[in-house]
Amino acid sequence: MSDRSILVIHGPNLNLLGTREPQTYGTDTVDDHVARVQAVASAHGIRVDSFLSNSESEIIGAVQGARNHYSAIIINAGAFTHYSYALRDAVASV
């Protein structure tokens with residue numbers, strides 16, 4: 001496991017940031033957000049990888065796959081935040 005690495009996971013519909021309801025969500029894209037996170041992390045010697053999916057099963061796979069490979073996971077689970085017991089269980093297991 002890399003002790004200086006973070007996996008950032010983006011959930012459903014976040015691929016539409018920048019164009020989806022810009023009056024609510026702004027005009028920054030998910031790539032803009034990732035670039036800012038990477039810039040801050042890089043200044044502290046931390047590597048950041050990013051994963052985006054609209055599929056609950058792919059996100060769960062990414063969480064499980066991150067085990068023993070990253071020192072932290074940050075998840076913006078989108079709508080899955082409200083009702084995904086499976087994702088919550090995957091996070092708890094890692």
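A residue is called buried when its relative accessible area is under 20%, exposed when over 50%, and partly exposed in between. The exercises below apply to a predicted model.

**Exercise 1. Find the buried residues of α2 and state how they are placed around the helix axis.**

Solution.
1. The buried residues of α2 are V30, V34 and A41.
2. Around the axis they cover an arc of only 30°, which puts them on the same side of α2.
3. The face turned away from this buried side carries V40 and A43, which are exposed.
4. The cover over the buried residues of α2 includes the strands β1 (5-10) and β2 (47-52).

**Exercise 2. Check the span of helix α2 against the value expected from its residue count, then look at what follows the helix.**

Solution.
1. Helix α2 takes in residues 30-43, which makes 14 residues.
2. The expected span is 1.5 Å times one less than the number of residues.
3. For α2 this rule gives 20 Å.
4. The end C-alpha atoms of α2 are 20 Å apart, so the two values agree.
5. After α2 comes G45, with a positive phi near 75°.

**Exercise 3. Classify the geometry of the aromatic pair and describe the setting of its two residues.**

Solution.
1. The structure holds 1 aromatic pair.
2. Its members are F80 and Y83, with ring centres 5.9 Å apart and planes at 75°.
3. Planes over 60 degrees apart count as edge-to-face. The angle of 75° therefore makes F80 and Y83 an edge-to-face pair.
4. Both residues belong to helix α4 (residues 80-83); being 3 residues apart, they are separated by about one helical turn.
5. F80 has a relative accessibility of 8% and so counts as buried. Y83, at 49%, is partly exposed.

**Exercise 4. List the salt bridges with their N to O distances, and assign each partner to an accessibility class.**

Solution.
1. Side chains of opposite charge can pair when their charged atoms come close. The cut-off for a salt bridge is 4 Å between nitrogen and carboxyl oxygen.
2. A search of the whole structure finds 3 salt bridges.
3. R20 and E21 are joined at 3.4 Å. R20 is partly exposed at 28%, and E21 is partly exposed at 36%.
4. R36 and D28 are joined at 3.0 Å. R36 is partly exposed at 43%, and D28 is partly exposed at 30%.
5. R47 and D49 are joined at 2.9 Å. R47 is partly exposed at 40%, and D49 is partly exposed at 25%.

How values were computed. Residues numbered from 1 in each chain as written. Predicted model: local features only at pLDDT ≥ 70, side-chain atom pairs only at ≥ 80, totals over all residues. Heavy atoms only, no water. Phe/Tyr/Trp six-rings, centres within 6.5 Å; stacked < 30°, edge-to-face > 60°. Helix = DSSP H or I, 4+ residues; strand = E, 2+ residues; numbered from the N terminus. Buried < 20%, exposed > 50% of the residue type's maximum accessible area, 1.4 Å probe, protein only. Salt bridge = Lys/Arg side-chain N within 4 Å of Asp/Glu carboxyl O. Arc of directions from axis to C-beta. Contact = heavy atoms within 4.5 Å.
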